[in-house]
Amino acid sequence: MKNNLFLDAAFSKQTERPPVWMMRQAGRFMPQYWEIKNKYSFLEMCKTPEIAADVTMLPVDLLGIDAAILFCDILVTGEAMGGDLSFTQGIGPKFANPVRTAQDIENLNVDCLDELQYVADAIKVIQQRLDGNIPLIGFAGAPFTVMSYLVEGGSSKDFKLTKLMLHNEPALAHKLLAKIAKVTADYLNLQIAAGVNSVQIFDSWAQALSWSDYQEFSHRYIQEIISNLNRKDIPVISFCKGSSVFAPIMAEAKPDVISVDWNADLLNIKNALPAGIAVQGNLDPHILYADQPVIKAQIHKLFERMRGTEGFIFNLGHGIMPDIPFDNVKYAIEVVKEFRY
């Protein structure tokens with residue numbers, strides 16, 4: 001690998017500067033993304049290896065980031081298991097056949113890797129294009145987050161149906177989560193076998209859970225997934241909205257990196273974690289709307305706070321919003337790359 005900054009930081013080695021990549025770094029804030037998106041549906045983009053590679057490479061070519069992340073979606077595991085998935089502009093993902101009964105859960109297929117072969121094919125194309133210049137990150141949705149979409153039938157503001165299952169029918173919830181966890185571990189191992197250099201688990205809706213519910217219905221399954229990964233030389237990143245609260249539990253699953261939202265002091269989180277667990281984050285993405293001198297000052301403030309810390313990857317506390325100016329994202333990455341400890 002010509003640029004090892006990301007992998008070194010993920011394995012808690014000292015780096016000359018923090019490596020930088022950003023969640024949703026290939027997306028709707030890019031005019032070049034829309035040139036592709038206007039020709040194809042979102043699922044067509046995910047399922048066509050050459051197109052997925054084109055989108056994955058946009059931030060590599062246009063922003064000069066230190067790690068690429070596979071272009072795909074966290075819900076492809078739910079679709080592979082039997083979910084009837086669609087994406088509608090302005091509405092988001094929908095499952096036309098929600099999973100709400102014991103029979104619905106029984107009908108879900110766990111031997112479904114063949115349905116996800118297009119992801120392995122995309123990884124191979126992307127790695128050819130990256131040509132060893134920077135690492136490629138693969139990813140999957142965490143079981144609780146995927147479960148919430150399957151049960152609700154799409155996005156939700158209150159997760160009412162999901163929480164009703166957790167509380168009224170916990171045995172059903174565990175059966176569903178166990179199936180998703182098995183598929184997720186198999187899927188991440190498929191990505192590793194295809195050539196990714198790191199993987200990230202996204203628990204995008206974990207902040208909807210109480211501390212005890214997070215332990216029971218999220219953490220135990222992430223722990224199971226990580227323990228079943230072929231992770232030799234492959235750093236594992238654990239991310240959730242709510243990581244500023246849940247980081248001590250997240251560490252028990254033994255990821256290599258915990259990705260932290262922007263509601264916490266990153267150094268305090270790092271110092272509270274066991275030795276050898278790196279941190280990723282945690283700039284508030286809204287700062288990228290601000291004037292460029294403000295962006296620079298906020299990044300430098302974070303870097304001065306983290307000065308001398310091994311195992312620090314710069315990222316946002318969550319993904320880039322669609323209307324953040326492209327030039328501000330590019331400027332932020334330039335600020336990071338110019339910094340030296």
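# Exercises on a predicted model

In helix 8, the buried residues are Pro 143, Phe 144, Thr 145, Val 146, Met 147, Ser 148, Tyr 149, Leu 150, Val 151 and Glu 152. The structure is a predicted model.

## Exercise 1: helix 8 and the core

Task. Decide how far helix 8 is enclosed by the rest of the structure, and find what Met 147 touches.

Solution.
- Step 1. Helix 8 covers residues 143-152, and 10 of its 10 residues are buried, so the helix is largely enclosed by the rest of the structure.
- Step 2. Take Met 147 from this helix. Leaving out residues up to four places away in sequence, Met 147 touches Thr 162, Met 165, Leu 166, Ala 173, Leu 176, Leu 177 and Ile 180.
- Step 3. The largest nonpolar core has 140 residues, and within it Met 147, Leu 176 and Phe 314 touch the most other members. Helix 10 (residues 170-194) gives this core its largest share, 13 residues.
- Step 4. As a general background, nonpolar side chains in soluble globular proteins tend to be buried together.
- Step 5. Just after helix 8 comes Gly 153, with a positive phi of about 85°.

## Exercise 2: aromatic pairs

Task. Classify the ring pair of Tyr 33 and Trp 34, then the ring pair of Phe 303 and Phe 312.

Solution.
- Step 1. A pair of aromatic rings is described by the distance of the centres and the angle of the planes.
- Step 2. The structure holds 14 aromatic pairs. In one of them, Tyr 33 and Trp 34 lie 5.9 Å centre to centre with 85° between the planes. Planes over 60 degrees apart count as edge-to-face, and this pair is edge-to-face.
- Step 3. Tyr 33 has 5% relative accessibility and therefore counts as buried. Trp 34 has 26%, so it counts as partly exposed.
- Step 4. For Phe 303 and Phe 312, the centres are 5.8 Å apart and the planes make 80°, again an edge-to-face pair. Both of these Phe residues are buried.
- Step 5. Ring pairs also link Tyr 33 and Trp 34 with Phe 42, Phe 71 and Phe 87 into a cluster.

## Exercise 3: two helix pairs

Task. Describe how helix 4 packs with helix 7, and how helix 11 packs with helix 12.

Solution.
- Step 1. Helix 4 (residues 49-63) and helix 7 (residues 117-130) pack at about 45°, with axes 8 Å apart. Helix 4 is therefore oblique to helix 7.
- Step 2. Their crossing is right-handed. Among the residues that meet are Ala 53, Met 57 and Val 60 in helix 4, and Ala 122, Val 125 and Ile 126 in helix 7.
- Step 3. Helix 11 (residues 211-227) and helix 12 (residues 243-252) pack at about 35°, and their axes are 10 Å apart. The crossing of helix 11 and helix 12 is right-handed.
- Step 4. On the helix 11 side, Trp 211, Tyr 214, Gln 215, His 219 and Gln 223 make the contacts; on the helix 12 side, Val 245, Phe 246, Ile 249, Met 250 and Glu 252 do.

## Exercise 4: backbone exceptions

Task. Place Asp 131, Asp 233 and the cis peptide bond at Asn 282.

Solution.
- Step 1. Most residues other than glycine have a negative phi, and most peptide bonds are trans.
- Step 2. Asp 131, not a glycine, has a positive phi of about 55°. Asp 131 is in the loop between helix 7 and strand 4. With a relative accessible area of 51%, Asp 131 is exposed.
- Step 3. Asp 233 also has a positive phi, about 65°, and lies in the loop between helix 11 and strand 6. Its relative accessible area is 55%, so Asp 233 is exposed.
- Step 4. The cis peptide bond joins Gly 281 and Asn 282, with omega about -20°. Asn 282 is in strand 8 (residues 278-283).

Terms used
Residues are numbered from 1 along each chain as its sequence is written. This is a predicted model: local features need pLDDT of at least 70, side-chain atom pairs count only at pLDDT 80 or more; totals for chains, interfaces and linings use all residues. Side-chain values use heavy atoms; hydrogens and water are left out. Rings of Phe, Tyr and Trp (its six-membered ring) pair if their centres lie within 6.5 Å; planes under 30 degrees apart count as stacked, over 60 as edge-to-face and the rest as tilted. Buried means under 20% relative accessible area, exposed over 50%, partly exposed in between (1.4 Å probe, protein chains only). A nonpolar core is a set of buried Ala, Val, Leu, Ile, Met, Phe, Trp, Tyr and Cys residues joined through side-chain atoms within 4.5 Å. Helices (H or I, at least four residues) and strands (E, at least two) are DSSP runs, numbered from the N terminus. Contact means heavy atoms within 4.5 Å. Axes are lines fitted to C-alpha atoms, for helices over the stretch in contact, and angles run from 0 to 180 degrees between N-to-C directions. Angles under 35 degrees count as roughly parallel, over 145 as roughly antiparallel, 65 to 115 as roughly perpendicular and the rest as oblique. A crossing is left-handed if the near helix is turned anticlockwise from the far one by less than a right angle, and right-handed if clockwise.
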